[in-house]
Amino acid sequence: MKNILLALLIALPAPLFAQNDANMGIIPAPVSVKKEKGEFKLTPETIIFVDSPDSKAVRFFADYMKKAGFVGGVTDINQVDKKQRSLKNSIMLSQNFKGDMPAEGYDLQIMPDHITINGRYSGMFYGIQTLIQLIHKTGSSGYATIPCGVIKDHPRFGYRGMHLDVVRHFFDVDFVKRYIDLMAAYKLNTFHWHLTDDQGWRIEIKKYPKLTEIGSMRAQTKIGKVHGVDSDLFDNTAHGGYYTQAQIAEVVAYASDRFITIVPEIEMPGHSMALVASYPELSCDPTKPYKVFENWGVSKDVLCPTDATFKMLNDILFEVMELFPGKYIHIGGDECPKDAWKKSDYCRQLIADQGLRDENGLQSYFIGRIEKFINSQGRSMIGWDEILEGGLAPNATVMSWRGETGGIAAAQLNHDVIMTPGSGGLYFDHTQSKSTQEPLTIGGNAPLWKTYNYDPVPATLTKEQQVHILGVQANMWTEYIATPAKVEYMLLPRMLALSEVAWTPKVNKSFTNFSEGRLPHHLAMLETQGYNYRVPTPIGAKDTTVTGDKFSVDLTPTVEGAKIYYTIDGYTPRETDLQYTTPIKFTIPAGKHIDFQAIEITPAGKRSIVTAIKMQN
Ligand code: TNX
């Protein structure tokens, strides 16, 4: 038993920082942490008391502990005779405590002889996530230990989102669940599932089977960048996939068990070439041949605003709403070229009949009609910030992606807003450093510090308008991300920074404490769980040129247990080179230079990019 606990708890030796760190190593940093002396020892005899055995949070914890080798299960405290109750060596999960708690909040008390978590629904779940992060293995006692402290916590924002584009590249149910696991561990609560686009249709719609028969498969895929050197090269390999309704239901339930709501996105009227390829009669020119888009960028083949189109979209949305019980349905609305509408007599007539100004007005008319249907079903609509152009639909929530301008304008119109600007480091398809050693990406630069420092609430808004900022989301567009390993590389560690943006009070944030004090342990834990991630370059190492005759290089690994290797002979460092252990002093003769190059390699063999400090005199 003892050994099982040792082997399976995702525990690593209690790191020094956890003892020193003011946040006890927790990500996202809590609202308040009071460290206490001592530790709780988790033993096979520990009793887990609960007062709501059937709640989702309790079931999650019971399942987690079982997988970790703890066979004791949970005990309903109401079934235990009052006189026989002893809290000694117990963990008490209480949802029926007296008093108020901020939304999604929890209190966690760890004392040497017992632990208590008070929290309701997601609040209890987040208390459990924090507790799991605090479980460490010690060398001496052989049991897992949890450092003592008192934590009071609740999120800054109610909407804490992570998006995944499963169209440009398809990812199967198992991977989507893995992604959801990560979100849950870091207290994100909304999964924006981008299910349809020009390059594919990924959700079974019973009434329109051609959507998946035709629309889920593209014949081939663009190689490299749209405007790259060989911009007319394709891979000659079919790519596709879709989720059956049963699979969707499975993922919705899996997410719900982890207090994650899914926002499904069905793109319209643009980004819908897969739909047009399946049902050409919904385009403005049904005589044209259409195929599922094989290129990246924006296709000009969009939906025509006919009654047939609205009927089919309503039918599709109806099935979508049956599958996804959440409040929000995302209808895209972004990047809709108006070329096809401009050429269409039907559209010209519709603009005149409806008294619209132009094609932008027609886009508003389109979105407005869809919103009416969504609202009639008791749901709310989200759209990308283009839905502001030509007039905003009355109840729409705006997702601001082209900077914050759209979000600010929408909040000033008293509409709800979710901030997700690419300029704020929230486009996780952007590169994580300016080094040419980074893998192919769409471009842009979104280093970890940029994501971390983003603040979703623009100072230009009044207090009343700021209330409309529901929260924040990062987006994972996958044009240039074809594999699960690369999704994880682009996601981690930036998603941990996002989690702190979404959860932690601004005054508690510190990039140095996050990246140097807490992240190294989390990356080591993620590694033991089999996740891929980008190994941040060692602290103190960056591409730079310095001039002078004397230098000292002082580096620290960014992942617990990782090693740094270096060269000074111009060769790329690797594990066969000298290991960096202590600061090194260099003296550079006049007119000479030395290139100090370093690489960090983790216990599992993951490698950072190579950084070079050119020291010249
Ligand atoms: C813009 S964000 C898009 C996506 C692309 C993404 C690439 C948005 C509403 N539209 O279609 O995949 O840029 O970064």
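**Figure 1. Surroundings of C284 in the predicted model.** C284 is partly exposed, its relative accessible area being 22%. The structure shown here and in the following views is a predicted model. A value of 22% lies above the 20% under which a residue counts as buried and below the 50% over which a residue counts as exposed, and C284 is therefore classed as partly exposed. The sulfur of C284 is also the nearest cysteine sulfur to that of C347, at 3.9 Å.

**Figure 2. The disulfide between C284 and C304.** The sulfur atoms of C284 and C304 lie 2.1 Å apart, and the two residues form a disulfide. The link is right-handed, with 90 degrees about the S-S bond. It connects distant parts of the chain: C284 and C304 are 20 residues apart, and each is placed in the loop between α8 (273-278) and α9 (307-323). A disulfide of this kind is a covalent bond between the sulfur atoms of two cysteines. C304 has a relative accessible area of 2% and is buried, whereas C284 is partly exposed. The count of disulfides comes to one.

**Figure 3. The cysteines C347 and C148.** C347 takes part in no disulfide. The sulfur of C284 is 3.9 Å from that of C347, whereas a disulfide requires sulfur atoms within 2.5 Å, so C347 and C284 are not counted as a pair. With a relative accessibility of 1%, C347 is buried. C148 is likewise buried, at a relative accessible area of 2%.

**Figure 4. The domains of the protein.** The domain assignment divides the protein into domain 1 (17-153), domain 2 (163-503) and domain 3 (544-616). The centres of domain 2 and domain 3, taken over C-alpha atoms, are separated by 42 Å.

**Figure 5. An open sheet of five strands.** The strands of this open sheet follow the order β23-β29-β28-β25-β26, and their pairing is mixed. At the edges are β23 (544-547) and β26 (578-580), each of which pairs on one side only. From one strand to the next, the twist averages 30 degrees.

**Figure 6. Pairing of the edge strand β23 with β29.** Strand β23 is joined to β29 (residues 611-616) by four bridges, and the two strands run parallel. T547 has Q616, in β29, as its bridge partner. In general, the strands of a sheet pair through backbone hydrogen bonds, in either a parallel or an antiparallel manner. As an edge strand, β23 pairs on one side only.

Methods: Residues numbered from 1 in each chain as written. Predicted model: local features only at pLDDT ≥ 70, side-chain atom pairs only at ≥ 80, totals over all residues. Heavy atoms only, no water. Buried < 20%, exposed > 50% of the residue type's maximum accessible area, 1.4 Å probe, protein only. Domains from an automatic or database assignment. Pairing = 2+ DSSP bridges. Axes fitted to C-alpha atoms, helices over the stretch in contact; angles between N-to-C directions.
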